[in-house]
Amino acid sequence: MNGLMQIFWSYLQTKYLRKFNSRQELEKWQEEQVKKFLHQIIPQSKFYQTYYKGLDIANWRDFPTINKSIMMDNFDDLNTVGISKQQAFDIALQAEKSRYFASTLNGFTIGMSSGTSGNRGLFIVSQQEQQKWAGAILAKGLPTSILQPQKIAFFLRANSNLYQTVKRQHIQFEYFDLFEPVESNLQRLNNYQPSILVAPPSMLRIIAASQENQTLKINPRKIISVAEVLDPIDNQYISQVFGQIIHQFYQCTEGFLGYTCKYGTLHLNEDILVIQKQYIDKDKGKFMPIITDFNRRSQPIIRYCLNDILTEAQQPCLCGSNLTAIASIEGRQDDIFYLPHISQGKLQPIFPDFIRRAIISASSKILEYQVIQVSLNMIEIELKLSGGTNKAEIESSICQKMETLFTSQNCQIPQIVFKNYSPCTKHHQKLRRVRCNLEIN
Ligand SMILES: [Zn+2]
């Protein structure tokens, strides 16, 4: 199959053919896909052969897991296409430095994920994998049929020829580098007039502000948030400025994990890969995803633990999809706050979502915020408030909300220090409104 056909085929499969009448039907299909995949792929990967030695594929759901560090430590043996970590690093670093991302190695695209803590991940994808991915992205992302013309604007930290794959004749695609000055990006965006706008929420916020003060006049019919947690406070603002639902793509190096349906509910892409749940708090429906992607052959992702916290939706979505509905992507596991328990000598975890809710519910005058746990007994809060508001009143309301939260979790109440909001000046950095700087994570 040629490239374009492969994309189109994957688009059709994702959009029309993979419909499941029940959860059971979906799971049965996944089970078949994974078993078939493992039978083929394990013999091709030295790492997995050793890792699963003596295990029966029928029990794959309980196989030992891997994560980013295991994947990176065993990079050479894990991938099935004979690319070494050194080779991959050289290519990825070079691309990032030159901001020219079209280079490949033996026909494979090499990419680097933007890890913040120095543990950056490398990924390898073949052309066929790219085309399948592009088809799935188009099937889930396009508001209309693939045959309708679209102009997509895509704001990213690093482009990749992965994204260029999506570019096809009547589907125009324009890449905006987040490392470029904001003003010139906004001007280009104004000239381009996208029908679909894709960007991290921090950038969408800047775009929305320009639209609000009329320095920018665009009229996208779909807006998709990527790469960062979409905080409710940003969601509300952007959605109000543009008068539409803000969609989300839950897409990372490890796979295309989720997308929002027409109701704005995030669904896991269980028709593309398997996502098992490693619960961290079952009662509250909080879990970390374990991914098995039965389409990735060059760098197989099998039982891969992702360092993200997701919360299950309590109600099924109105769209009727059998794909798991998610209430929120909370952020990374290492952004959980820890406070000393009031009587037992242990640390109590506080989920980022609870912190978020405490802040947002304190006042509707909060425009932007950032909460950082700096030590076991100190939390810093930066606030940007709407004009003419009583700062002291809002701060005291936040303190109350925080106290209620910490008391309910049996935690010692930390000192709360307020600061002025320091706008994120480096737009290529990821925005994390709730962040924990403790070493324990
Ligand atoms: Zn839905």
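1. Start with the second largest pocket of this predicted model. Its lining takes in 23 residues, and those nearest the centre are Lys19, Tyr259, Cys261, Cys319 and Ser321. The space inside comes to about 640 Å³. Two of those central names, Cys261 and Cys319, turn up again as zinc donors, so keep them in mind for point 3, where the tetrahedral arrangement comes up.

2. Which elements build that pocket's lining? Helix H1 (3–17), helix H7 (127–141) and strand S9 (255–260) supply at least two residues each. H1 gives the most, with three. As for chemistry, the lining of the second largest pocket splits into 10 nonpolar, seven charged and six polar residues.

3. Now the zinc ion. Its donors are Cys261 (SG), His267 (NE2), Cys317 (SG) and Cys319 (SG), sitting at 2.1 to 2.3 Å. What is the geometry of the four donor atoms around the zinc ion? I'd call it tetrahedral, because the angles they subtend run from 100 to 118°, and the cut-off asks for all of them to lie between 85 and 135 degrees. Along the chain, the donors follow the spacing C-x5-H-x49-C-x1-C.

4. Two of the zinc donors deserve a word on exposure. Is Cys317 buried or exposed? At a relative accessible area of 13%, Cys317 is buried, since the limit for that label is under 20%. Cys319 has 31% relative accessibility and therefore counts as partly exposed. Cys319 is also among the residues nearest the centre of the second largest pocket.

5. There is one cavity of 30 Å³ or more in the structure. The largest cavity has a volume of about 60 Å³. Its lining is made up of Lys68, Met71, Met72, Gly121, Leu122, Phe123, Thr253, Glu254, Arg296, Gln299, Ile301 and Tyr304. By class, that gives six nonpolar, three polar and three charged residues.

6. Where does the cavity lining come from? Helix H4 (68–73) and strand S3 (122–125) each supply at least two residues. H4 gives the most, with three residues; Lys68, Met71 and Met72 are in the lining and fall within the range of H4 (68–73).

7. Two backbone spots are worth a look in the viewer. Most residues other than glycine have a negative phi. Gln193 has a positive phi, near 50°, and lies in the loop between helix H9 (182–192) and strand S6 (196–199). Its relative accessible area is 33%, so Gln193 is partly exposed.

8. The other spot is Asn410, with a positive phi near 60°. It belongs to the loop that runs between helix H13 (391–408) and strand S20 (415–420). Asn410 counts as partly exposed because its relative accessibility is 35%.

9. A last word on confidence. The protein chain has a mean pLDDT of 89, and 93% of its residues reach 70 or more. Which elements mark the two ends of the range? Helix H3 (residues 46–51) has the highest mean pLDDT, at 98, and helix H8 (residues 161–164) the lowest, at 60. Where pLDDT is low, the predicted coordinates should not be read in detail.

Notes: Residues are numbered from 1 along each chain as its sequence is written. This is a predicted model: local features need pLDDT of at least 70, side-chain atom pairs count only at pLDDT 80 or more; totals for chains, interfaces and linings use all residues. Side-chain values use heavy atoms; hydrogens and water are left out. On a 1 Å grid over the protein atoms alone, a cavity is a set of points where a 1.4 Å probe fits but cannot get out, and a pocket is an open set with protein on both sides within 12 Å along at least five of seven lines; lining residues have an atom within 4 Å of a point. Grid points are joined across faces, edges and corners, and a volume is the space filled by probe spheres set on the points. Helices (H or I, at least four residues) and strands (E, at least two) are DSSP runs, numbered from the N terminus. Ala, Val, Leu, Ile, Met, Phe, Trp, Tyr, Cys and Pro count as nonpolar, Asp, Glu, Lys and Arg as charged, and the others, Gly among them, as polar. Donors are N, O and S atoms within 2.8 Å of the metal (3.2 Å for Na, K and Ca); water is not among the atoms, so sites may look incomplete. Four donors count as tetrahedral if all angles lie between 85 and 135 degrees; four count as square planar and six as octahedral if opposite donors are over 155 degrees apart and all others between 65 and 115; anything else is irregular. Buried means under 20% relative accessible area, exposed over 50%, partly exposed in between (1.4 Å probe, protein chains only). pLDDT is the predictor's confidence in each residue, from 0 to 100.
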